[in-house]
Amino acid sequence: MKQGHLLQTIIKRKCRSSITIYLTLMLVLVMALICTLIESGRVSAMNARLRSITYMAADSCFAEFAEPLFSDYGVMFLWCDEAEFTEKFNAYVTHNLSLDGTEARNDITLYGMQHVQTECSDITWATDQNGEVFARQVESYMKYHLAEEAVEKLLEHTSFFEQSEHIQHFMDRIQDYKKIFIKVEDHVSNIQKKIEKAKDLAADPKGLFNELEKLLDQYDENADVQADFSRRVNDLRKTGKEISECLTDINKETKKYYESVAEAKVKVDEIEEELEEKKESYDKEVYNVIKEEVDDIKTKSADTNADYYHVIENETTVNAYLSKLEGLDQFCAFAQTPLSEDNLSEYKKQTAFYRDQFSDFDLGALSVALNMEQTAQEDDGFIDAIHEIFSSGFLGFLAGEVSEKETDQTSFPSITVGKVAAEDTEEEKESLLNLAANKALFTEYILEHLGNYRETKENSVLDYEAEYVLGGKKADKDNLSSVIGKIVLIRSGLNLISLLQDGEKRTETYALASGIIGFTGQPVLIKIVQLLIISAWSAAESLTDVKALLEGKKVPILKKADDWNLSLEGIKNFSEEMITGKDCKHGLTYEDYLRVLLLMQNRKKQYFRTMDILQANMCANENENFRFKDSIAAVTVRTEYVASILFPTLPPAGRILRVHKGRYLFHYEQEYQY
């Protein structure tokens with residue numbers, strides 16, 4: 001009994017111990033789980049807090065943007081280098097981690113967070129990406145300032161201006177090749193002169209053969225008849241030689257004519273090729289007018305099949321006559337035999353044969369289609385006078401008194417950074433059509449925030465700021481001169497279009513060109529001179545146009561008859577005193593021309609030169625050390641924090657909570673940009 005009772009007691013005690021151990025283990029597991037949950041919550045809270053602290057530090061740094069730059073020009077950039085940014089960022093992080101106050105101290109006690117290090121990477125500066133970083137801010141600022149209809153209108157103007165450049169280029173090519181085209185007519189003229197020389201020969205083979213026949217009919221062994229016959233044969237030989245030499249000279253000149261035609265054809269083909277390549281950029285009517293001019297020059301100077309001057313027809317006649325003259329040599333060789341009763345009949349037979357051979361020999365049939373009828377001579381000095389005004393510069397008499405301001409470009413973004421910025425590639429140029437709206441926004445930004453000749457800004461380093469963007473020179477007057485030159489060329493091209501579309505004015509210029517040449521029969525030369533007159537007229541008119549623009553007046557894009565300042569008679573006596581323009585109710589202003597020039601400008605140059613002006617004004621009015629190349633637009637910050645472990649956790653949780661060397665490790669990457 002006692003042993004059984006003892007056994008039961010031992011069993012009960014063992015059971016109680018197992019339960020105690022079990023409960024103890026369970027309590028440990030529960031406590032570990034609770035601690036793990038608490039620590040997980042703590043880590044999660046620290047994670048949220050540190051993420052917030054990192055963002056607030058970056059936000060606080062970027063809040064220190066260059067305020068005058070924003071208030072004056074609407075763009076935000078943080079002016080500091082990488083070391084300064086890192087220092088500021090760390091200061092804000094430290095400040096946010098060690099706040100005063102009860103709640104903050106409790107947080108610190110509970111969290112125990114510490115900042116370890118900060119690294120900055122992927123810093124984007126204002127001048128990066130060839131100025132695109134700066135441009136994006138401008139476009140964002142301006143996107144509500146310009147309506148879509150206005151953009152389309154601007155692009156329409158741009159197409160007209162580009163068209164004027166093309167037609168100006170066409171006129172330049174015509175002028176470049178004028179010597180080649182005129183050479184064709186010079187050879188035709190030389191052919192005509194040699195034909196006249198041949199016609200002026202006193203003797204005619206057909207007439208000489210007739211005289212020989214008469215002498216043969218009178219032959220009775222009279223010594224005088226024999227002597228006359230011999231003299232006439234010698235005359236025939238001499239005449240044949242002279243005519244043969246003249247005809248050979250005509251053929252030589254004809255060969256030169258063909259060579260010059262081949263040379264002219266190459267040049268005309270080049271012009272035609274260029275014209276076809278740019279066909280889509282021309283207005284249909286303008287294209288047809290230019291095509292008509294090119295076809296006219298081609299027909300008259302570069303197309304032997306057309307045979308405009310009848311040179312081929314004349315060459316055929318010349319070759320036929322040269323062939324006949326070979327027979328004349330044969331007759332003269334036969335006539336070396338003394339005339340006698342025995343060979344009289346043979347002489348008569350040979351003379352009659354060759355007389356028939358030369359029955360259609362008529363030097364009067366030689367001709368080329370070149371009418372050299374003289375006309376009243378006109379003076380062409382006005383053409384040179386107009387071009388002399390162009391070449392001598394026209395800033396003084398167009399703009400009057402101009403600003404003498406200059407600036408030092410040494411530290412400008414366009415010099416320090418922009419020089420390594422590449423020009424637009426062909427691919428980028430093709431994509432500019434898709435960027436047209438953004439380009440228009442940037443253009444409007446320049447005109448809204450920068451001064452120009454008609455409207456200067458206060459406290460600016462240069463008065464003509466928009467002109468600087470286009471010209472890039474250090475002096476106001478040089479930039480204004482550059483812009484005026486561009487507008488003059490554009491206006492000259494647009495006036496060319498207007499003149500070529502005006503049939504009445506083209507007729508007037510052709511008549512004047514004929515008068516200057518003094519002859520009516522050199523159509524290519526007259527055409528070249530006509531184009532010179534048209535070019536001079538459009539150039540002189542462009543000077544009056546620009547004068548009007550600088551005075552605040554409007555000038556139509558394409559002119560009608562009543563819009564012209566100068567008549568054809570007026571340009572004959574053109575001088576600087578005549579440069580004054582009308583004020584039209586319709587058309588574009590000086591600012592409009594700046595607008596279109598800016599739209600046509602290389603965008604990378606435009607971005608950097610705009611930054612030049614903003615930087616110069618910031619240096620002059622705010623801080624002389626301000627630089628766009630040291631201004632941050634965006635940055636990526638990588639930050640590292642650590643925190644102590646307060647509660648023990650289950651082993652798997654330690655790996656999840658990123659425990660490293662007995663502490664929690666936190667890594668954050670924060671991107672921030674304006």
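Angles of 65 to 115 degrees between two axes count as roughly perpendicular. That convention is needed for the helix packing described below. The structure shown here is a predicted model. Its chain holds 674 residues, of which 47% are buried, and its secondary structure comes to 25 helices and five strands. Among the contacts in the chain with a separation of 6 or more, 82% are between residues 24 or more positions apart.

Two packed helices are described by the angle between their axes and the distance between the axes. A suitable place to begin is the pair formed by helix 5, residues 132–142, and helix 24, residues 603–621. Their axes are 9 Å apart and meet at an angle of about 80°. Because angles of 65 to 115 degrees count as roughly perpendicular, helix 5 and helix 24 are placed in that class. On the side of helix 5, the contact is made by Glu132, Phe134, Ala135 and Glu139. Helix 24 contributes Arg603, Tyr607, Thr610, Met611 and Leu614. By class, the residues of this contact divide into five nonpolar, one polar and three charged.

Helix 5 is preceded by a loop that leads from strand 2, and Gln129 lies in this loop. Although Gln129 is not a glycine, it has a positive phi of about 55°. Asn130 is found in the loop between strand 2 and helix 5 as well, and the phi of Asn130 is near 55°, again a positive value in a residue other than glycine. How accessible are these residues? Gln129 has a relative accessible area of 46% and is therefore partly exposed. For Asn130 the relative accessible area is 27%, so Asn130 is also partly exposed.

Strand 2, on the other side of that loop, leads to the pairing of the strands. Strand 2 covers residues 113–125 and is joined to strand 3 by 10 bridges, the two strands running antiparallel. In this pairing, Met113 stands opposite Ala643 of strand 3. Strand 3 itself spans residues 631–644 and is mostly covered, with 12 of its 14 residues buried. It also pairs with strand 1, residues 78–79, through two bridges in an antiparallel arrangement. There, Trp79 has Ser631 of strand 3 as its bridge partner. A further antiparallel pairing, with 11 bridges, joins strand 3 to strand 5, residues 663–673. Within it, Thr639 is partnered by Tyr668 of strand 5. Strand 3 thus has pairings with strand 1, strand 2 and strand 5.

Attention now returns to the helices. Helix 7, residues 178–199, has 22 residues, and the distance from its first C-alpha to its last is 32 Å, close to the 32 Å expected at 1.5 Å a residue. Its buried residues include Ile180, Phe181, Ile182, Val184 and Val188. Glu185, His187, Ser189 and Gln192 of helix 7 are buried as well.

Helix 10 comprises residues 284–301. Its 18 residues should span 26 Å at 1.5 Å a residue, and the end C-alpha atoms are 26 Å apart, so the two values agree. Among the buried residues of helix 10 are Val286, Tyr287, Ile290, Glu293 and Lys300. Where in the chain is Val289 found? This residue belongs to helix 10. Since buried means under 20% relative accessible area, Val289 counts as buried at 9%. Leaving aside neighbours within four places in sequence, Val289 is in contact with Leu500 and Arg506. The C-alpha atoms of Val289 and Gln501 are separated by 7.0 Å, although the two residues are 212 residues apart along the chain.

Helix 19, residues 476–501, packs with helix 23, residues 590–600, at an angle of about 90° and with the axes 11 Å apart. Helix 19 and helix 23 are therefore roughly perpendicular to each other. Helix 19 takes part through Leu480, Val483, Lys486, Ile487, Ile490, Arg491 and Leu494, and helix 23 through Tyr590, Tyr593, Leu594 and Leu597. This contact has nine nonpolar, no polar and two charged residues. In the contact of helix 5 with helix 24, by class, there are five nonpolar, one polar and three charged residues.

Notes
Residues numbered from 1 in each chain as written. Predicted model: local features only at pLDDT ≥ 70, side-chain atom pairs only at ≥ 80, totals over all residues. Heavy atoms only, no water. Axes fitted to C-alpha atoms, helices over the stretch in contact; angles between N-to-C directions. Helix = DSSP H or I, 4+ residues; strand = E, 2+ residues; numbered from the N terminus. Parallel < 35°, antiparallel > 145°, perpendicular 65-115°, else oblique. Contact = heavy atoms within 4.5 Å. Nonpolar A, V, L, I, M, F, W, Y, C, P; charged D, E, K, R; others polar. Expected span 1.5 Å × (residues − 1). Buried < 20%, exposed > 50% of the residue type's maximum accessible area, 1.4 Å probe, protein only. Pairing = 2+ DSSP bridges.
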